Amino acid sequence: MPVEITWWGHATCTVEDSGTRVLTDPLFARRLAHLRRRRGALPTERARAADLVLVSHLHADHLHVPSLAALPPGTRVLVPRGARRAVPALRRLTGLRITEIGPGEEATHGDLVVRAVTAAHDGRRLPVGPRHIPALGFVVNGEARTYFAGDTGLFEGMAAEVGRVDVALLPVGGWGPFLGHGHLDAGRAAEAAARLAPGCAVPVHFGTYWPIGMDGVRPHEFYSPGDEFVRLTAARAPEVAVHLLGHGESVRPEVDR
């Protein structure tokens, strides 16, 4: 099988392709500030076994310094250009090989070529930080082409910039009862699937973290986005197979190369 996808929760996935394990936005915490992990066990030690890590943007639930510090020494990490200046704690992770990358740039790792693409999202380190730090998506090109969207809204030219992909890892929700600008909900993610026309899609970034004390506030925004994405994609892009994974589950999608 050319590619295996494992969803660990939130935006954390392992993409195994061409003998290389690629980990996205690692977040291994039970609690992050006002958020707690409400569903899914913490990722196992197997999740930390990565050859290459992709960090999409500087928000703390995507660039989580303690989770990066838990990676094996020597792990290569791709971060948005300017990240080390904006997040000084990155400079203390001397055991990692950190490479900055911007939209349109490529990095090679083993038999994989990883291309950074635009994401329509505020990529700075909140609550303050340089506004010009880009948020990224990534296209991992090996035996399959896998698009990890990070956090993004829909944007003009999305399909043209991402290009043809076999697998799309699409955010379909968030960590609170309301989604701000620069995010995909289930409906917008289904529209993204229709525009991108991948062979298959895996919904991520939902049903994992939720603000403490807000369990009863709009709970459907926590539980339903994955199922809603399945339903809406079937209506808007029936040619796209959707794999709705549970935390820690894997899929080996069929890829037509």
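**Exercises on strand pairing and residue surroundings**

Leu-32 stands opposite Leu-35 in strand E5. The model is predicted, so that local features need pLDDT of at least 70 and side-chain atom pairs pLDDT 80 or more, while totals for chains, interfaces and linings use all residues. Residues are numbered from 1 along each chain as its sequence is written, and side-chain values use heavy atoms, without hydrogens and water.

**Exercise 1. Establish the order of the strands in the open sheet that contains E4, and identify its edges.**

Step 1. Strands are DSSP runs of E with at least two residues, helices are runs of H or I with at least four, and both are numbered from the N terminus. Two strands pair if DSSP finds at least two bridges between them.

Step 2. E4 and E5, the latter covering residues 35-37, are antiparallel partners joined over 2 bridges. The facing residues Leu-32 and Leu-35 have already been located.

Step 3. The open sheet has 3 strands in the order E4-E5-E15, with antiparallel pairing. Strands E4 (31-32) and E15 (209-211) each have a single partner strand and therefore form the edges, with one side of each left without a neighbour in the sheet.

**Exercise 2. Trace the pairing from E9 through E10 to E11, and describe the turn between E9 and E10.**

Step 1. Strand E9 (residues 106-109) pairs with E10 in the antiparallel sense, over 4 bridges. Within this pairing, Ala-107 has Val-114 of E10 as its bridge partner.

Step 2. The two strands E9 and E10 make a hairpin with 2 residues between them. Gly-110, in the turn, has a positive phi of about 60 degrees.

Step 3. E10 also runs antiparallel to E11, to which 6 bridges join it. Here Thr-118 has its bridge partner, Leu-136, in E11.

**Exercise 3. Locate His-121, classify its accessibility and account for its surroundings.**

Step 1. His-121 belongs to the loop between strand E10 (112-118) and strand E11 (136-141).

Step 2. Its relative accessibility is 13%, so His-121 counts as buried (buried is under 20% relative accessible area, exposed over 50%, partly exposed in between, with a 1.4 Å probe and protein chains only).

Step 3. The side chains of His-121 and His-57 share a polar contact of 3.5 Å (a pair of N or O atoms within 3.5 Å; within protein, one able to donate a hydrogen and the other to accept it, with residues adjacent in sequence counted only if both atoms are side-chain atoms). The His-121 side chain also reaches the backbone oxygen of Gly-182, at 2.8 Å.

Step 4. Beyond neighbours within four places in sequence, the contacts of His-121 (heavy atoms within 4.5 Å) include His-59, Ala-135, Asp-151, Thr-152, His-181 and His-183.

**Exercise 4. Determine the accessibility class of Thr-20 and of Pro-219, and place each residue in the fold.**

Step 1. Thr-20 is part of strand E3 (residues 20-24). Its relative accessible area is 7%, so Thr-20 is buried.

Step 2. Outside the four places on either side in sequence, Thr-20 is in contact with Val-15, Asp-51, His-109 and Leu-112.

Step 3. Pro-219 lies in the loop between E15 and H6. Its relative accessibility is 32%, so Pro-219 counts as partly exposed.

Step 4. Pro-219 and Gly-176 are 43 residues apart along the chain, and their C-alpha atoms are separated by 9.2 Å.
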